[in-house]
Amino acid sequence: MFTIRFHGRGGQGMKTASHMLGNAFFMAGFEVQDAPRYGAERRGAPMTAYVRADKQDIYARGIIRKPGLVVVADDSLVPVAAAGVMSGFTAETVLLIVSREGSETWRQRLNISSPVKVLTPLTSKLPLVSAACAGAAASLCGKIEVEQLIEAVKQALTGYDDKLIEINVDAAVRAFEVVKQDRGIVKQLPESSASDYARPDWIELPLETADRSAPVIHAAQTSVKVRTGLWRTRRPVIDEQRCNQCWWICSSSCPDSAINIDAQNRPVIDYEHCKGCMICVAQCPAHAIESIPEAQAQQEEKT
């Protein structure tokens, strides 16, 4: 059975990528499951999607614990424990990662000997990430022809305009060709057996007095050290020349209270905790807040 797990952030289209790959497997004559799994269910938050494909009936359900292929659309997810990118990773697992770093760099960082294939970002346009990941995954599995991939991408994007479908098909085919020399590298793994499954047991929790066991919040901002800004794929940037200082609009619309006001009554974005939802960009009446790719912003900070 092929077991593929996609990792990305909300808004990057990993659910769509899994659907594209699942459709392509189905056209190739496989039984298929594909499904997403959300956590915080917010734009920028880590999420996963799964594809199982087999020539036999598939009785397994739920998340994939032993993936044959792990696809990572955003390399900043790797160090995020909640994303679980390396969960269940074995010597037989192939890692496909969208990154500007090389495969040897990732092999050393993760201390793994498994094959690592790098897909250089084709474009900064987010919708293409999903199509590229689906195309590369289809090629690495080795059972899907490019014509089946193209048809699967078109079906997944039914209802969108022809131009958008065309550029997504192009991204999928380009990624398919980029990793074609490793076609078939992903192995089919045996289905996990349930015979040695250990049922969860009860955990006895002795009663304690309320002053010891009841939840206690000692002060506000207890999550200040959780750097949710790492979730961000796009960064809002304030143009000081165009800002009218109507800070009550952008600051009150921010769902994470990540826009503060400085001593000169100017809005200041807390990038440690801004998740990049871009609500402030949409709400700013002066259009003084621009949205740029996070990778571009970090590169500009270095120069």
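# Briefing on a predicted single-chain model

About 17300 Å² of the chain is exposed, and 50% of that area is supplied by carbon and sulfur atoms. The model is predicted. The chain holds nine helices and ten strands, and 43% of its 303 residues count as buried. The points below go from the whole chain to single residues and then to salt bridges.

**Overall build**

- Taken along the principal axes, the C-alpha atoms fill a box of roughly 65 × 60 × 40 Å.
- Among contacts with a separation of 6 or more, 69% join residues that are 24 or more positions apart.

**Charge**

- There are 34 positive and 35 negative side chains in the chain. The centres of these two sets lie 2 Å apart.
- A patch of negative charge on the surface is made up of Asp239, Glu240, Glu290 and Glu300.
- Asp239, one of the patch residues, sits in the loop between strand E7 (234-238) and helix H7 (247-253).
- Asp239 counts as partly exposed because its relative accessibility is 33%, a value that falls between the 20% limit for buried and the 50% limit for exposed.

**Two buried residues**

- Val72 belongs to strand E4, which spans residues 69-72. Its relative accessibility is 0%, so Val72 counts as buried.
- Beyond its neighbours within four places in sequence, Val72 is in contact with His7, Val78, Val85, Leu95, Leu96, Ile97 and Val98.
- Val72 and Ser99 are separated by 27 residues in sequence, and their C-alpha atoms are 8.9 Å apart in space.
- Leu128 lies in helix H3, residues 127-141. Leu128 counts as buried because its relative accessibility is 11%, and the limit for that class is under 20%.
- From Leu128 to Gln245 the distance is 117 residues in sequence and 36 Å in space, C-alpha to C-alpha.

**Positive phi outside glycine**

- Asn111 is not a glycine, yet its phi is positive, at about 55°.
- The loop that holds Asn111 runs between helix H2 (103-110) and strand E6 (116-119). With a relative accessible area of 69%, Asn111 is exposed.
- Ser257 is another residue other than glycine with a positive phi, in this case near 50°.
- Ser257 is placed in the loop between H7 and strand E8 (259-261). Its relative accessible area is 56%, so Ser257 is exposed, as the limit for that class is over 50%.

**Salt bridges**

- Side chains of opposite charge can pair when their charged atoms come close. The structure holds 13 salt bridges, and the ones described here include three that link parts of the chain distant in sequence.
- Lys117 and Asp182 form a salt bridge through their side chains, at 3.1 Å from N to O. Lys117 is in strand E6, while Asp182 is in the loop between helix H5 (162-178) and helix H6 (210-213), and the pair links parts of the chain 65 residues apart.
- Both Lys117 and Asp182 are buried.
- Arg227 and Glu272 also meet through their side chains in a salt bridge, at 2.8 Å from N to O. This pair links distant parts of the chain, with Arg227 in the loop between H6 and E7 and Glu272 in the loop between strand E9 (267-269) and helix H8 (279-283), 45 residues apart.
- Arg227 counts as partly exposed at 45% relative accessibility, and Glu272 counts as partly exposed at 38%.
- Glu294 forms a salt bridge with Arg232, and the closest N and O atoms of the two are 2.8 Å apart. Because Glu294 lies in helix H9 (residues 294-302) and Arg232 in the loop between H6 and E7, the pair ties together parts that are 62 residues apart in sequence.
- Glu294 and Arg232 are both buried.
- Through salt bridges that share partners, Arg232, Arg235, Glu294 and Glu301 are joined into one network.

Methods: Residues are numbered from 1 along each chain as its sequence is written. This is a predicted model: local features need pLDDT of at least 70, side-chain atom pairs count only at pLDDT 80 or more; totals for chains, interfaces and linings use all residues. Side-chain values use heavy atoms; hydrogens and water are left out. Helices (H or I, at least four residues) and strands (E, at least two) are DSSP runs, numbered from the N terminus. Buried means under 20% relative accessible area, exposed over 50%, partly exposed in between (1.4 Å probe, protein chains only). Contact means heavy atoms within 4.5 Å. Accessible areas come from the Shrake-Rupley method with a 1.4 Å probe; for residues, only the protein chains shown count as cover. Lys and Arg count as positive and Asp and Glu as negative; His and the chain ends are not counted. The place of a charge is taken as NZ of Lys, CZ of Arg, CG of Asp or CD of Glu. Patches are made of residues with over 30% relative accessible area and no salt bridge: like charges are joined within 9 Å, nonpolar side chains (Val, Leu, Ile, Met, Phe, Trp, Tyr) within 5 Å. A salt bridge is a side-chain nitrogen of Lys or Arg within 4 Å of a carboxyl oxygen of Asp or Glu.
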